[in-house]
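User: I would like to go through this model strand by strand, then look at its surface and overall figures. Please keep the reasoning short and give the cut-offs as they come up.

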Amino acid sequence: MNPEKLKALQDQVRIGGKGSARRKKKVVHKTSTSDDKKLQNHLKKMGMNVIPGIEEVNMFQEDGNVLHFTNPKVSALIPANTFSVSGSAETKSLAELLPNVLSQLDTQSLADLKKLFAPAAGKGGMPEVAEEGEDVPELTGDFESAAAAEAETETA
């Protein structure tokens, strides 16, 4: 036999046993869906339940970045305080997500946020935040007497 012809025959991949058709290349299937199914089966075996209706998950990192999941699959095992978040994640800076994540920040993150915008505050970028109780006026009068006076005017 011709060695070149033999080499060409060896390069072809035979799928199956003797007598099956030869293919020019082996088809490799993507396993992302099967991996996801395997993960979901293992979470189910652990007793974790899927929590529906979660639109986004933000995980705040110490370096000031945020791990942002959009439409994640969240599973939880409440008695063991265990949560699983799966889906596509993006690493974003805190400034990119700022208007929407203010309600999710703790006191430490707010302090870090103030430090982040401190240089901009000197240039007129961010107004100074008043301390708690500075701009609150003193309470004068009595609410009960005002409500009674208002009720009298309505009946008259």
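User: Which residue in β5 does M59 stand opposite?

Analyst: This is a predicted model, in which local features need pLDDT of at least 70 and side-chain atom pairs count only at pLDDT 80 or more, while totals for chains, interfaces and linings use all residues. Residues are numbered from 1 along each chain as its sequence is written, and side-chain values use heavy atoms, with hydrogens and water left out. Strands are DSSP runs of E with at least two residues, and helices are runs of H or I with at least four, numbered from the N terminus. In β5, the residue opposite M59 is L67.

User: How many bridges join strand β4 to strand β5?

Analyst: Two strands count as paired if DSSP finds at least two bridges between them. One bridge here links E56 to T70 in β5. β4 (residues 56–60) and β5 (residues 65–70) run antiparallel, and the number of bridges joining them is five.

User: Which residue in the turn of the β4 and β5 hairpin has a positive phi?

Analyst: The hairpin leaves four residues between β4 and β5. A positive phi of about 95° is found in this turn at G64.

User: Which strands stand at the edges of the sheet that holds β4, β5 and β8?

Analyst: The sheet is open, with antiparallel pairing and the order β4-β5-β8. An edge strand has a single partner, so one of its sides is left without a neighbour in the sheet. That describes β4 and β8 (89–93).

User: By what angle are neighbouring strands of this sheet turned against each other on average?

Analyst: Axes are lines fitted to C-alpha atoms, for helices over the stretch in contact, and angles run from 0 to 180 degrees between N-to-C directions. With direction ignored, the average for the β4-β5-β8 sheet is 25°.

User: What is the strand order of the open sheet that contains β3?

Analyst: β3 and β6 pair in the antiparallel sense over three bridges, and I51 stands opposite V74 in β6. β6 (residues 73–77) also pairs with β7 in the antiparallel sense, over five bridges, with S86 in β7 as the bridge partner of K73. The order of this sheet of three strands is therefore β3-β6-β7.

User: Which residue takes a positive phi in the hairpin of β6 and β7?

Analyst: Four residues lie between the two strands of this hairpin. The positive phi, near 55°, belongs to N81.

User: Is S75 buried or exposed?

Analyst: S75 lies in strand β6. Counting contacts as heavy atoms within 4.5 Å, S75 touches Q40, L43, M48, N49, V50, T82, F83 and S84, leaving aside residues up to four places away in sequence. Buried means under 20% relative accessible area, exposed over 50%, and partly exposed in between, with a 1.4 Å probe and protein chains only. At 4% relative accessibility, S75 is buried.

User: Which residues form the nonpolar patch on the surface?

Analyst: Patches take residues with over 30% relative accessible area and no salt bridge, joining like charges within 9 Å and nonpolar side chains (Val, Leu, Ile, Met, Phe, Trp, Tyr) within 5 Å. F83, which lies in strand β7, is partly exposed at 48%. With about 300 Å² of accessible area together, the patch consists of I51, I78 and F83.

User: Which side chains meet in a salt bridge?

Analyst: A salt bridge here is a side-chain nitrogen of Lys or Arg within 4 Å of a carboxyl oxygen of Asp or Glu, and the count by this rule is one. E90 is partly exposed, at 43% relative accessibility. The pair, at 3.9 Å from N to O, is E90 and K92.

User: What share of the accessible surface of the protein chain belongs to carbon and sulfur atoms?

Analyst: The protein chain has six helices and eight strands, and 13% of its 156 residues count as buried. Areas come from the Shrake-Rupley method with a 1.4 Å probe, and for residues only the protein chains shown count as cover. Of an accessible surface of about 13,100 Å², the carbon and sulfur share is 55%.
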